[in-house]
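Reader: I'd like to learn how to read an interface and a buried residue in a model like this. Can you walk me through it?

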There are 2 protein chains.
Amino acid sequence: MRTTPDNAVHPHPADPAPYIAEHSAAFLAELKDWLRIPSVSANPDNAPDVRRSAEWLAAALTATGFPVAEVWETEGGGPAVFAEWPSGEADAPTVLVYGHHDVQPAAREDGWSTDPFEPVEEDGRLRARGAADDKGQVFLHTLGLRAHLAATGRTAPAVNVKLLVEGEEESGSPHFGPLIRKHAERLRCDTVIVSDTGMWAEDTPTVCTGMRGLVDGQIDLRGPDQDIHSGSFGGAVPNPATEAARLVAALHDEDRRVAIPGFYDGVVELTDRERALLAELPFDEAAWLRTARSHAALGERGHTTLERIWARPTAEVNGIHAGYGGPGGKTVVPSGAEIKFSFRLVAGQDTARVRQLFTDWVAARLPDGVRHEIRFWGEGTRPCLTPLDHPALRSLVRAMSRAFGQEIRYTREGGSGPAADLQDVLGVPVLFLGISVPSDGWHSVDEKVDLDLLFKGVETAAHLWTELAADWADAPWPSSR
Amino acid sequence: MRTTPDNAVHPHPADPAPYIAEHSAAFLAELKDWLRIPSVSANPDNAPDVRRSAEWLAAALTATGFPVAEVWETEGGGPAVFAEWPSGEADAPTVLVYGHHDVQPAAREDGWSTDPFEPVEEDGRLRARGAADDKGQVFLHTLGLRAHLAATGRTAPAVNVKLLVEGEEESGSPHFGPLIRKHAERLRCDTVIVSDTGMWAEDTPTVCTGMRGLVDGQIDLRGPDQDIHSGSFGGAVPNPATEAARLVAALHDEDRRVAIPGFYDGVVELTDRERALLAELPFDEAAWLRTARSHAALGERGHTTLERIWARPTAEVNGIHAGYGGPGGKTVVPSGAEIKFSFRLVAGQDTARVRQLFTDWVAARLPDGVRHEIRFWGEGTRPCLTPLDHPALRSLVRAMSRAFGQEIRYTREGGSGPAADLQDVLGVPVLFLGISVPSDGWHSVDEKVDLDLLFKGVETAAHLWTELAADWADAPWPSSR
């Protein structure tokens, strides 16, 4: 199999920019209509809005030209939208774009400058709940695809384009796995483009090459059958709060490495090139700490902050609760304790193995008289990582660099998402096309999208299908299975 | 100074038992009247009842014959009752009886068999809130004193008797220290008899020789300014929940000894005789664990369970709260954490020194980026311990053994109480006369007092003044100052 060098030159289509400029006002007007629908998946009262949002998108995709645009029901969650536009070429690859049309809750009272569901254009930005996460980043594909057709003179895209836009990502995608397994045949593709991430900064366009996996759950400890008097019994019976603390404290060694034996087995270490690429990013730790609302960096010894959040596995306690929590004191030995934990995993780690290692480790550490139960929130999310030399990744980077007129750098994403489900169920590599920046205020007040970046995203999408088709013609991509 | 040997024979007064038997019905009727007053100090709605209870008691003490019986106001808490009955003898010692007239909350809905404030006599027991803790044990002194007079033919007690019965013990005695400092001159005495503790068991009468001290408070930790995303930031900034757990875990070493340097300095170790006396008690660990509602014993290595709860200092976490505690998971790094802690102290430990040691220890263990604040709930309660050979203790033991017709064994109390304030402010030894047993249900449902034990307590009180006066005549007691 030949591989295409980074500097491969494919025939350039005409510039899509004029078409995009000509249709930008209509595009924005349509996007604003969609943003006005409060498709908050977390709030059952908004269930009709989530459905309306799905129907609105399906209609918009039909209007864009997709021959197939359907609303897919889930088993109890908000509906997803599926659309498909075959290229008509015999040997074109199939690319599935993933995004979501539900949004985080938002209310003017939270501190928004204006109604979160009444979009406002101001200073080159579009402010509304969902502007960046994720309606803007989904919708850029509509104008992107039209511009692709206009620039290439085609009547159908250069690749087979499929879209899957789910309606419960902000609620943890509880029905997403079953949905894609049910429809695996119709979702079959050669790569997935996730449009639900971000870039490093306005002046530093980047492509994300991986997300961490996640295993999370809860440990319940039970000691005495009820809270007991610490004077009468304390110091002579096990205290579940103390035992919970001893468990949590033992999770890390003095180097802040996870101390569960076997936890790091199989971890794909960063290559020298990857470490060098990360180190090239213009990282300002003081500024990053402000974003993190934190007052010091602390983590696994021997790694930088970016390596720690993107490329290293972690163990975190998300909550710990035991005993008295009211005002003043109450001298009890608590009857129980509860620990909420989460592990972030990186390539090479297996969710089932981490669950088992942790389960065994916990059981071995508790004294007699303290019973425990571990529950995991599902099977966990696997990590995903696109090799830097994957041909489809290089196509994406070329499309971005044409749109942005700049070198594209590499990031990863510390969080975890349904991308891994797509990778696993469909058995294909997952790429990330995101144009949002950290200041966009995801899940926060005054969420916005930068219009300049949004239209660069549109232009990237317009180039992308051409690049991918040409690259595939050189040599089909390896499957990730 | 001569000391009186344990087997000293003082002239025996006539037996007080016939007088007690004759007046027992009237005594119980009166006690029931008092128990009907719901003097719950924790509930502001019951403030008038607490006052009514104080006034009722002052009137009852006047009726008993006390020439002085007053209601003493506190600075914002429930009123106390003070009474005084001078002996008339020139060189009689002065003895102050301490108890409380407020009670724990109680409601039929909590699971009581009958109305907690409508006393019920049944199977030789009197069931009501306060029957044992502490109205029954305070009120036994009224009939005890009358029986003392009847048996000795005196018109005033053989010692100067003072009573101080506070009204907010069940709320932590917040104004007790100021109250006794204010009235220190009128409370002046040679020993204090605390009637607010218990005995080992119905068939094993015991005298308590000490209580542990207490230092308690709260540590607040602050990390990020708000909860932050564990995927975006976790593993690269300090997590206050983890730091709280590391603090709590570090409180004990692998031998479950408190690991704060200097904590054990000055601790008065048990003598061989004390260890032997404790080991003589008919201790059934399985039964004790049932009382503790616990499923295993665990504590400082090298000590028995009774030593751990009575004679060894401890560190306990009474509560720990950080981060998410709702259903399911939430992948955050919590912004803060809160630890409720308490130390039980034994003789030889100083509350101020323990506060300082802990404060320094905490400050030295937290990483950059985690701020903390320690608050203590007041200055702490000092431990108190009566030497086994204190003459007044031997008088009390003789009085009990006459009433019970049995050998009296020795216990201590693992909890902490205002006894230490009396010891410190008045500079005298504190003795404990309690006839309650562990099954009496203090602070729980169906609180009761065993009537046979209650009347043995009355009889003990009748003997006590004679014994103390005779002993004092042999040699005045050393002050504890």
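Author: Let's go through the interface, then two single residues. Keep in mind that this is a predicted model.

Reader: How do I get a feel for the interface, and what area is buried between chain A and chain B?

Author: The size of an interface is often given as the accessible area lost when the parts come together. Here chain A and chain B bury about 5,800 Å² between them, with carbon and sulfur atoms giving 52% of that. Three residues, A:Arg246, A:Arg293 and A:Asn318, supply 11% of the area that chain A buries against chain B, more than any other three residues. In terms of contacts, 77 residues of chain A touch 77 residues of chain B.

Reader: And how many salt bridges and polar contacts link chain A and chain B?

Author: The count is six salt bridges between the two chains. In one salt bridge, the side chains of B:Arg246 and A:Glu254 meet at 3.3 Å, N to O. For polar contacts, there are 43 residue pairs across the interface, both residues at pLDDT 80 or more.

Reader: Which element gives the largest share of the side of chain A that touches chain B?

Author: That's β11(A), with nine residues. Other elements giving two or more residues to this side include α6 (240–250), α8 (285–291) and β13 (336–345) of chain A. By residue type, the side of chain A that touches chain B divides into 28 nonpolar, 31 polar and 18 charged.

Reader: Now a single residue. Is A:Thr305 buried or exposed?

Author: Check the relative accessible area: under 20% is called buried. A:Thr305 comes out at 4%, so this residue is buried. You'll find A:Thr305 in helix α9 (residues 305–310) of chain A. The side chain of A:Thr305 makes a polar contact of 2.7 Å with that of A:Glu285. Beyond its neighbours within four places in sequence, A:Thr305 is in contact with residues including A:Phe283, A:Trp288 and, from the other chain, B:Ala236.

Reader: Does a record say anything about this stretch, and what does UniProt list for residues 210–369 of chain A?

Author: An unreviewed UniProt entry lists them as "domain: Peptidase M20 dimerisation". In the model, those residues are 30% helix and 22% strand, with the end C-alpha atoms 43 Å apart.

Reader: One last try: where does A:Pro116 lie?

Author: A:Pro116 lies in the loop between β3 (94–100) and β4 (120–122) of chain A. With a relative accessible area of 1%, A:Pro116 is buried. Leaving aside its neighbours within four places in sequence, A:Pro116 has contacts that include A:Ala106, A:Arg108 and A:Ala128.

Technical notes
Residues numbered from 1 in each chain as written. Chains lettered and ligands numbered in written order. Predicted model: local features only at pLDDT ≥ 70, side-chain atom pairs only at ≥ 80, totals over all residues. Heavy atoms only, no water. UniProt positions renumbered as here; feature names shortened; annotations may be inferred. Helix = DSSP H or I, 4+ residues; strand = E, 2+ residues; numbered from the N terminus. Buried < 20%, exposed > 50% of the residue type's maximum accessible area, 1.4 Å probe, protein only. Polar contact = N/O pair within 3.5 Å; in protein donor to acceptor, adjacent residues only side chain to side chain. Contact = heavy atoms within 4.5 Å. Buried area = accessible area lost by both parts, 1.4 Å probe. Salt bridge = Lys/Arg side-chain N within 4 Å of Asp/Glu carboxyl O. Nonpolar A, V, L, I, M, F, W, Y, C, P; charged D, E, K, R; others polar.
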